[in-house]
Amino acid sequence: MIKITSEYITLQQLLKMVDIASSGGEAKLLVKTLKISVNNSKEDRRGRKLYAGDEVNIEGKIFKIGK
């Protein structure tokens, strides 16, 4: 469970929070190369807004967004 205190976080912020990406530039490359889906829909935009209740699958690892 990834806890957020704001209304949403971006996919790029999530990648950095879980130590998959160390910078925005790296996140930009990773969203194009990794298998990422949000709520079972393929996603390749690093600016995708993630809200509480969303489920993100990154290469088989599941992250749930919560408040």
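Before we start: helices and strands here are DSSP runs, with at least four residues for a helix and at least two for a strand, numbered from the N terminus. Keep in mind that this is a predicted model.

**Exercise 1. Place Glu59 among the elements and say what stands out in its backbone.**

Step 1: locate the residue. Glu59 sits in the loop that links E6 and E7. Those two strands make a hairpin, with two residues between them.

Step 2: look at the backbone. Glu59 isn't a glycine, yet its phi is positive, about 50°. For context, most residues other than glycine have a negative phi.

Step 3: check the accessibility. Buried means under 20% and exposed means over 50%, with partly exposed in between. Glu59 comes in at 47% relative accessibility, so it counts as partly exposed.

**Exercise 2. Find where Asp19 lies and work out whether it is buried or exposed.**

Step 1: the location. Asp19 belongs to the loop between helix H1 (11-17) and helix H2 (24-33).

Step 2: the backbone. Asp19 has a positive phi too, about 60°, although it is not a glycine.

Step 3: the verdict. The relative accessibility of Asp19 is 69%, so this residue counts as exposed.

**Exercise 3. Sort the side chains of strand E6 by the face they point to.**

Step 1: recall the pattern. In a regular strand the side chains alternate between the two faces of the sheet.

Step 2: apply the pattern to residues 55-58. Val56 and Ile58 point to one face and are buried. Glu55 and Asn57 point to the other face and are not buried.

**Exercise 4. Work out which strands pair with E6 and E7, and in which sense.**

Step 1: begin with E3 (residues 36-38). Three bridges tie E3 to E6, and the pair runs antiparallel. Here Val38 has Val56 as its bridge partner in E6.

Step 2: cross to the hairpin partner. E6 and E7 (residues 61-66) are antiparallel and share four bridges. In this pairing Asn57 is opposite Ile62, and Glu55 is opposite Lys64.

Step 3: add the N-terminal strand. E1 (residues 2-3) joins E7 through two bridges, and these two run parallel. Lys3 stands opposite Gly66 in that pair.

Step 4: put it together. E6 pairs with E3 and with E7, while E7 also pairs with E1.

**Exercise 5. Describe the whole chain, from its element order to its overall dimensions.**

Step 1: count the elements. The protein chain has two helices and seven strands. Their order from the N terminus is β-β-α-α-β-β-β-β-β.

Step 2: test the dimensions. For 67 residues, a compact globule would have a radius of gyration near 11 Å; the chain has 11 Å, so the two agree. The C-alpha atoms fill a box of roughly 30 × 25 × 15 Å along the principal axes.

Step 3: look at burial and surface. Of the 67 residues, 36% count as buried. The chain exposes about 4,300 Å², with carbon and sulfur atoms supplying 49% of that area.

Step 4: check contacts. Among contacts between residues at least 6 apart in sequence, 44% join residues at least 24 apart.

Step 5: finish with charge. There are 13 positive and 8 negative side chains, and the centres of the two sets lie 2 Å apart.

Terms used: Residues numbered from 1 in each chain as written. Predicted model: local features only at pLDDT ≥ 70, side-chain atom pairs only at ≥ 80, totals over all residues. Heavy atoms only, no water. Buried < 20%, exposed > 50% of the residue type's maximum accessible area, 1.4 Å probe, protein only. Pairing = 2+ DSSP bridges. Rg over C-alpha atoms; globule rule 2.2 N^0.38 Å. Contact = heavy atoms within 4.5 Å. Areas by Shrake-Rupley, 256 points an atom, 1.4 Å probe, with all protein chains shown as cover. Lys, Arg positive; Asp, Glu negative; His and termini not counted. Charge placed at Lys NZ, Arg CZ, Asp CG, Glu CD.
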